[in-house]
Amino acid sequence: MAGQEQKRPQRREDEDTPPPAAPVTHQQDSDRTAEVDDLLDEIDGVLETNAEEFVHGFVQKGGQ
Amino acid sequence: MRVRRVMGIETEFGLTRPGDPHASAVHLSGLVVRAYASGAGPGRALQSGAGWDYADETPLRDARGYEMARALADLSQLTDLDDPATANSVLSNGARLYVDHAHPEYSSPEVLTPRQIVVWDRAGEELMLQAVHTLAQGGEQVRLYKNNVDGKGASYGTHENYLVPRQVPFLAIAAGLLPFFVARQVMCGAGRVGIGQFSQEPGFQISQRADYMEASIGLETTLKRPIVNTRDEPHATGEKHRRLHVIVGDANLCDVANLLKMGSTSLVLGLIEAGLAPELELADPVTAIREISHDPSLRHTVELVDGRTMSALDILAVYREAIEAHVGDAADADTREVLDLWDGVTGDLAIDPLRCAGRVDWATKLAVLEGYRRRDGLQWDDPRLAAIDIQWSDIDPARGLAARMRASGRLTNLVTPDEVAAAVINPPEGTRAWFRGQCVSRFTGQVRAASWDSVVFEPATGQRGLRRVQLPEPELGSRADIGALLDSVEGVEDLLAHLVSPEG
């Protein structure tokens, strides 16, 4: 599976250096959390204020 | 084997008029179609009073693939401007824009590569947005959604079309595709809040369509929907071609997932055509497609008739290996692109699906939803999450979450805004869509109707002599094929005179 091959170097790096592996993952996780939080702040401003009514009003006819 | 193939994609858009849930969807859909046709500018679209050529096909003999004939059909039924359900336009980019059931639908022109699919599918979003803006200028507020489900029982389709040689037995196609379609969703599902056709259970799932698949193989598209659809409507020479009509897929807003959806399927069809499809047979495809959709951890395994159990990624890996063996080192750039994206996405899905945020719709959506769940402590039955799911696919970046993420660079773009803008106007050059689109832009007032395989001209206004050019070969009518002729003719009469004679 080429997909796994492509990722293998990264994994090997993790395996060769066990101590930093966990912190690196941790760092990636917290980077991602910060990134997502930035995004949430950005989209908070456009989200429908009355979610319940908005969801209730989204009624479609069936299609193909 | 290469990924190149005549392909197209159709999207039925969800639509609402804010504050008016009882507005007629058919009426609103008609407004959208006519707003684009009237607002797009000269030469961009046939006015909705022209129409679609529903006349039956006839066999053709001209070696170049064209046949001239006096049109016998009464086209008056297509010109009824008062009936919004007949709103219908053919666009200068070769696409069809019309009302299908109760949704405005954009059917892309026929293209040849997955990358072109992304370009002309995005063009469809762009021109729908133009229609929304045109309506807003006239005081009509309409919102369009590129999704496939309302969470209250209704589903509407995004259909893929692939040209396949007629000689390939349909049952071989169905057998080869079924396990692939059950697994493919992990690369290209749009993600959905709610489990079950009526979202009766709280939760998140990978696919918009999985819960609406009720049969493995069948003809229906609106009820008892099948994973493999048997509609046999080639829109081309039926003895040579089959148009495989795929209804199992979701509408994508991520370029990578959209390209993978079409590209991987074209490659699997290549395997089937070569008789090299992997021998996989699922014990219960309808149950399997739902169970896989319901497990975003991707750990779920499904049973095969031979007793093995495999995850979606296991199944995809078997197809991927078969493709690798068949492609060898001969992959062209378009094929290589699909394979590289396939490997990158499945590799990351295996480690952590959220790594695919920006490339795969469901993973992108899940990352945002999980963010809200963590930050605000929301449960899956919170209406805010359902609202985010709907608002996700609003095509207007003023509100649409995916559109905003694309605008702020959070989605991996495979194509540029300039390419998309050009594709709103111009047809792809490699198929008959080029002839169709060029006729719309060059001879707007004299094109009375068109279809996938015909263009009907009214050379002189008020005269009864309608004349049809038929295009039964999807790869004829390309720019290379007919561009010089189109550039050289004085007008429609001249063009018709040349097309009638092969020596032209």
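Student: How many bridges join strand 18 to strand 19 of chain B?
Tutor: The model is predicted. Strand 18 covers residues 454-457 of chain B, and strand 19 covers residues 467-470. The two strands run antiparallel. The number of bridges joining them is four.

Student: Which residue of strand 19 stands opposite Phe457(B)?
Tutor: Strand 18 takes in residues 454-457 of chain B. Its partner here is strand 19 of chain B, and the residue opposite Phe457(B) is Arg467(B).

Student: Which residue points the same way from strand 19 as Arg467(B), and are these side chains buried or exposed?
Tutor: Arg468(B) and Gln470(B) point the other way. All four residues, on both sides, are buried. The residue that shares the direction of Arg467(B) is Val469(B).

Student: How far apart in space are Ala236(B) and Ser454(B)?
Tutor: Ala236(B) is in the loop between strand 13 and strand 14 of chain B. In sequence, Ala236(B) and Ser454(B) are 218 residues apart. In space, C-alpha to C-alpha, the separation is 9.9 Å.

Student: Why does Ala236(B) count as buried?
Tutor: Buried means under 20% relative accessible area. Ala236(B) counts as buried because its relative accessibility is 1%.

Student: What is the phi of His235(B), and where does this residue lie?
Tutor: His235(B) lies in the loop between strand 13 (225-229) and strand 14 (241-246) of chain B. Most residues other than glycine have a negative phi. His235(B) is not a glycine, yet its phi is positive, near 50°.

Student: Ser199(B) also has a positive phi. Is Ser199(B) buried or partly exposed?
Tutor: Ser199(B) has a phi of about 50°. It sits in the loop between strand 10 (192-195) and strand 11 (201-205) of chain B. The relative accessibility of Ser199(B) is 24%, so the residue counts as partly exposed.

Student: And His235(B): buried or partly exposed?
Tutor: The cut-off for buried is under 20%. His235(B) has 17% relative accessibility, so it counts as buried.

Student: What is the order of elements in chain A?
Tutor: Chain A has three helices and zero strands. From the N terminus on, the order is α-α-α.

Student: What share of chain A is buried?
Tutor: Chain A has an accessible surface of about 4,300 Å², with 48% belonging to carbon and sulfur atoms. The chain holds 64 residues. The buried share of those residues is 25%.

Student: What area is buried between chain B and chain A?
Tutor: The contact takes 58 residues from chain B and 35 residues from chain A. Carbon and sulfur atoms give 57% of the buried area. That area is about 3,800 Å².

Student: Which residue of chain B forms a salt bridge with Glu48(A)?
Tutor: The rule finds five salt bridges across this interface. In the one made by Glu48(A), the closest N and O atoms are 3.0 Å apart. The partner is Arg143(B).

Student: Which UniProt annotation covers Gln64(A)?
Tutor: Gln64(A) is in the segment after helix 3 (51-57) of chain A. The annotation comes from an unreviewed UniProt entry. It reads "modified residue: Deamidated glutamine".

Student: Is Gln64(A) buried or exposed?
Tutor: Gln64(A) touches a set of chain B residues, including Glu12(B), Asp100(B), His101(B), Tyr156(B), Arg209(B) and Arg231(B). Its relative accessibility is 9%, so Gln64(A) counts as buried.

Key:
Residues are numbered from 1 along each chain as its sequence is written. Chains are lettered from A and ligands numbered from 1 in the order in which they are written. This is a predicted model: local features need pLDDT of at least 70, side-chain atom pairs count only at pLDDT 80 or more; totals for chains, interfaces and linings use all residues. Side-chain values use heavy atoms; hydrogens and water are left out. Buried means under 20% relative accessible area, exposed over 50%, partly exposed in between (1.4 Å probe, protein chains only). Two strands pair if DSSP finds at least two bridges between them. Accessible areas come from the Shrake-Rupley method with a 1.4 Å probe; for residues, only the protein chains shown count as cover. UniProt positions are given in the numbering used here, feature names are shortened, and annotations may be inferred rather than shown by experiment. Contact means heavy atoms within 4.5 Å. Buried area is the accessible area (1.4 Å probe) that two parts lose on being put together, summed over both. A salt bridge is a side-chain nitrogen of Lys or Arg within 4 Å of a carboxyl oxygen of Asp or Glu. Lists of a residue's contacts leave out its neighbours within four places in sequence.
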